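Dear colleague,

Please find the structure below, handed over for your records. My notes on its aromatic pairs and its surface charge follow directly after it.

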Amino acid sequence: MEGRGAVPGLAVYECLTDEEMDEQRRQNIAYQYLCQLEEAKRWMEACLKEELPSPVELEESLQNGVLLATVGHCFAASVVLLKKIYDVEQLWYQATGLHFCHTNNKFWLSAIAHISLPSTFFPETTDIYDRKSMPQVIYCIHALGLFLFRLGLAPQIHDLYGKVKFTAEKLSNMTSELAKYGLQLPAFSKIGGILANALSFDEAAVRAAILAINEAVERVVEDTLTALQNPSALLGNLQEPLAAINQELLAQAIEKTANARNCYLQDDGDGQDIYDCYLTQAEIQGNINHVNVHGALEVVDDALERQSPEALLEALQNPALALQGVRRDFANYLEQLSSDKEQKAQELGLVELLEKGEVHTGVAAANMKGDQEQAMLQAVQRTNKAIQKGVAATMVKELMCPAAQLHPVYPFASAVYQQELAMLQQQQQQQGELGQEELFVVVEMLSAVVLINQALEARDTSGFRSSLVNPATGLAEVEGKNAQHYFDTLVKLRQVLGVDEAFLSWNDLQTTLSQVNSQVQEETNQILAVSLINEALNQDSPKKTLSVLMLPSADLDNVSLSVTFRYHFLLMAAKRQKAQRTRAVIWLEEIHQEVVRANKDTNAAQRIALGVAAINQAIKEGRAVQTKQVLRSPTVALQGVVSECANGYQRVLEGTMAKKRCPGDTTFWVQHDTAYYFHLQTFQGTWEQPPGCPLNTSHLTWEEIQSAVTNVTAAHDCQQLWNANVGLVVQLQALFCGFLVRHLHFLRTWLPAVIKIQAPWRGYRQQKKYLERLQYLKANVDAIIKIQAWARMWAARRQYRRHLGYFQKTVNSVMKIQAFFARKARGEYRMFVYIAALQEVERAGRQKSREQIHMSEKT
């Protein structure tokens with residue numbers, strides 16, 4: 001189907017042959033049947049609220065009886081139960097096709113018999129399942145639609161003749177199908193008359209009343225209302241306030257159907273019925289029911305707008321809506337229907353009235369919700385009583401009752417549920433029993449805690465992770481990346497507490513998670529601080545190093561601005577030293593050690609600088625006693641200071657200072673320990689050299705003072721030692737002098753004899769050494785020869801390789817020398833040849849001259 005199109009008329013038969021007219025008539029019949037299939041399809045879709053196959057495929061989809069039985073459930077739910085319909089989802093039919101069990105879906109025939117549809121319209125079972133006459137089935141659907149519309153149980157089945165258009169292929173296929181099986185279409189246009197004729201009453205009176213109604217519609221409202229109220233018309237549910245709406249709707253229905261029905265009857269060979277021009281009794285009753293339902297729905301909508309439960313309850317009891325089970329003790333109708341209306345407005349994008357089926361569904365949902373709430377309240381009451389009794393098994397059984405609408409409960413942990421719920425109930429004594437919402441939240445949380453404990457006991461990490469991230473647990477600050485750490489810590493906690501057969505409480509879990517998060521966060525901050533410190537060291541930036549050391553995450557105490565360069569220097573040294581062994585960066589413990597060391601170095605340097613400054617000041621003042629006192633100060637840590645040498649210290653230190661003093665040296669900055677700088681006026685020190693400020697050169701350093709003190713003390717000690725041991729020294733000198741005199745006399749007296757004794761001994765030793773060497777060489781002649789051969793070969797090879805390397809390095813020079821000598825040789829050779837030639841010529845000339853002379857002499 002492609003869209004709307006024109007309806008074939010008699011004009012198409014002009015100038016056609018008999019065969020063409022027959023073919024056109026067959027196609028027209030096929031078009032009529034396709035329109036009737038489309039009408040049935042749309043009506044069934046309106047009833048089932050689902051999309052059905054195209055009209056061409058509709059006959060095949062009706063063959064298994066599932067769709068027909070489902071339609072029967074819509075208007076006769078008590079006769080056709082969904083659970084009794086075979087293959088209601090049509091899964092078997094889609095997989096294997098038609099099954100003999102599909103013939104059990106005869107509930108549709110029972111449903112239409114239940115509502116007293118005339119048996120004239122009933123199809124045979126073979127018409128459906130064997131497709132013996134599917135037009136008869138479609139005919140029955142049309143009659144059912146009109147009949148249900150009259151009863152107000154279903155929407156109206158609309159006439160689509162001339163309003164839809166089919167492709168030539170579909171028309172051709174349907175024409176062939178009807179011709180193949182020789183099927184004759186039923187008289188769809190006479191359904192209204194047959195329904196009216198099938199009723200057991202005075203036919204003439206009914207026909208007259210119906211005709212009067214059709215004619216009165218064209219006049220005033222009072223005439224229409226009088227005609228509708230005629231008892232012979234057999235019309236019910238008339239409401240005088242809706243008379244004007246009834247007249248307008250009936251007039252529109254007559255005008256809407258007249259043209260299409262007349263066009264349809266132009267090609268129909270059967271006789272015409274009076275209902276072909278007017279509305280039938282069923283159609284009139286259906287329109288009246290439609291107006292009544294619409295009016296009732298407007299009243300319902302008005303009650304919803306006013307949010308009035310009383311008005312809504314009264315509107316729902318309107319007979320036109322045919323609602324069953326409306327209860328006065330429920331106040332859920334207003335909430336449910338208001339929600340349905342709001343949802344419908346959101347889906348459509350505009351506000352519309354709720355349909356009758358939607359009102360039915362809303363009322364049924366509200367009733368179901370009310371029943372569930374009542375059952376839930378009763379289950380909650382039973383649960384509270386079970387908690388008070390203290391029997392865990394009974395309490396868990398009540399918690400597992402579906403009516404309570406609680407989270408799933410695990411019976412093996414019944415003691416946990418009983419203990420926690422009893423404690424909570426005792427806390428709620430002033431407010432009464434626990435409500436369903438409180439129970440749901442607590443049970444959901446306890447179940448999640450039970451699952452976590454179960455996973456810990458079974459060492460199931462995956463189950464622990466899934467239970468931990470469950471929102472029902474209610475645990476805060478759960479970090480997925482720390483799950484394994486949580487698991488290990490909780491397992492250790494169970495072992496420490498000795499509760500392998502019990503359960504950790506929610507508080508235990510939350511406390512452990514918070515501790516683990518704090519620990520992990522602290523470690524993360526420390527790692528970040530370490531990386532930043534190492535990065536600052538790599539950039540060789542003391543200021544950046546200080547800023548990173550002062551970060552709270554580094555957890556370093558007593559970090560001072562004045563020690564910046566000392567921190568940087570020591571950390572750089574530690575990093576370089578560690579880099580020689582491994583490529584790892586310095587860690588937080590090493591950083592802490594170096595920071596403490598830098599602070600200690602700074603304190604020590606400050607103390608020594610103050611002491612040295614006091615010593616220098618005392619030296620300048622020239623008071624030996626004061627100089628001695630500051631020299632013996634523990635802060636300076638000088639060694640070997642003796643009180644008796646005070647004047648010596650003063651004299652030597654003044655001399656040293658005088659040697660260092662330079663004219664115009666008035667600066668206050670001095671240097672200690674090659675890296676610490678001290679200001680003599682402010683007494684503040686730093687490890688950074690002051691920019692643009694020269695150092696005081698006359699100021700004595702600690703090393704110079706210690707050297708002077710050591711020299712003076714050593715001289716004093718030496719003098720005291722000599723003074724204390726003069727006699728002993730004289731005696732010792734006398735002994736040494738006597739020994740030397742005696743030894744010199746002995747040597748002078750016995751020197752010739754000593755030389756004579758030593759000469760044979762030296763000769764013997766030399767001869768023995770020579771003989772041993774000679775014997776050794778004779779015993780190893782072959783080895784010596786081989787060693788000598790290898791040595792000579794090595795020497796020759798080394799000389800050869802030296803020459804070879806020399807020539808390889810100077811090959812260009814050799815070639816130049818050779819070229820020079822070659823050129824020189826060639827020149828000398830040419831000169832030799834030239835001289836030889838000249839000599840030969842000269843010799844030949846002389847020979848010729850001699851011959852001429854000889855000839856002349858002969859002559």
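Tyr 31 and Phe 166 are both buried in this model, which is a predicted one. Their rings form an edge-to-face aromatic pair, with 5.9 Å from centre to centre and 70° between the planes. Distant parts of the chain are linked by this pair: Tyr 31 belongs to helix α1, while Phe 166 sits in the loop between α7 (134–151) and α8 (168–181), 135 residues apart.

A second edge-to-face pair is formed by Tyr 139 and Phe 188, at 5.5 Å centre to centre and with 85° between the planes. Tyr 139 is located in helix α7 and Phe 188 in the loop between α8 and α9 (191–197), so this contact ties together parts that lie 49 residues apart in sequence. Tyr 139 has a relative accessible area of 6% and is therefore buried; Phe 188, with a relative accessible area of 10%, is buried as well. Ring pairs also join Phe 121 to this region, giving a cluster of Phe 121, Tyr 139 and Phe 188. In the whole structure, the search finds six aromatic pairs.

As to the surface, Asp 18, Glu 19, Glu 20 and Asp 22 form a negative patch. Of these residues, Glu 19 lies in helix α1, which spans residues 18–48. Is Glu 19 buried or exposed? Its relative accessibility is 59%, and because exposed means over 50%, Glu 19 counts as exposed.

Yours sincerely

Terms used. Residues are numbered from 1 along each chain as its sequence is written. This is a predicted model: local features need pLDDT of at least 70, side-chain atom pairs count only at pLDDT 80 or more; totals for chains, interfaces and linings use all residues. Side-chain values use heavy atoms; hydrogens and water are left out. Patches are made of residues with over 30% relative accessible area and no salt bridge: like charges are joined within 9 Å, nonpolar side chains (Val, Leu, Ile, Met, Phe, Trp, Tyr) within 5 Å. Accessible areas come from the Shrake-Rupley method with a 1.4 Å probe; for residues, only the protein chains shown count as cover. A salt bridge is a side-chain nitrogen of Lys or Arg within 4 Å of a carboxyl oxygen of Asp or Glu. Lys and Arg count as positive and Asp and Glu as negative; His and the chain ends are not counted. The place of a charge is taken as NZ of Lys, CZ of Arg, CG of Asp or CD of Glu. Helices (H or I, at least four residues) and strands (E, at least two) are DSSP runs, numbered from the N terminus. Buried means under 20% relative accessible area, exposed over 50%, partly exposed in between (1.4 Å probe, protein chains only). Rings of Phe, Tyr and Trp (its six-membered ring) pair if their centres lie within 6.5 Å; planes under 30 degrees apart count as stacked, over 60 as edge-to-face and the rest as tilted.
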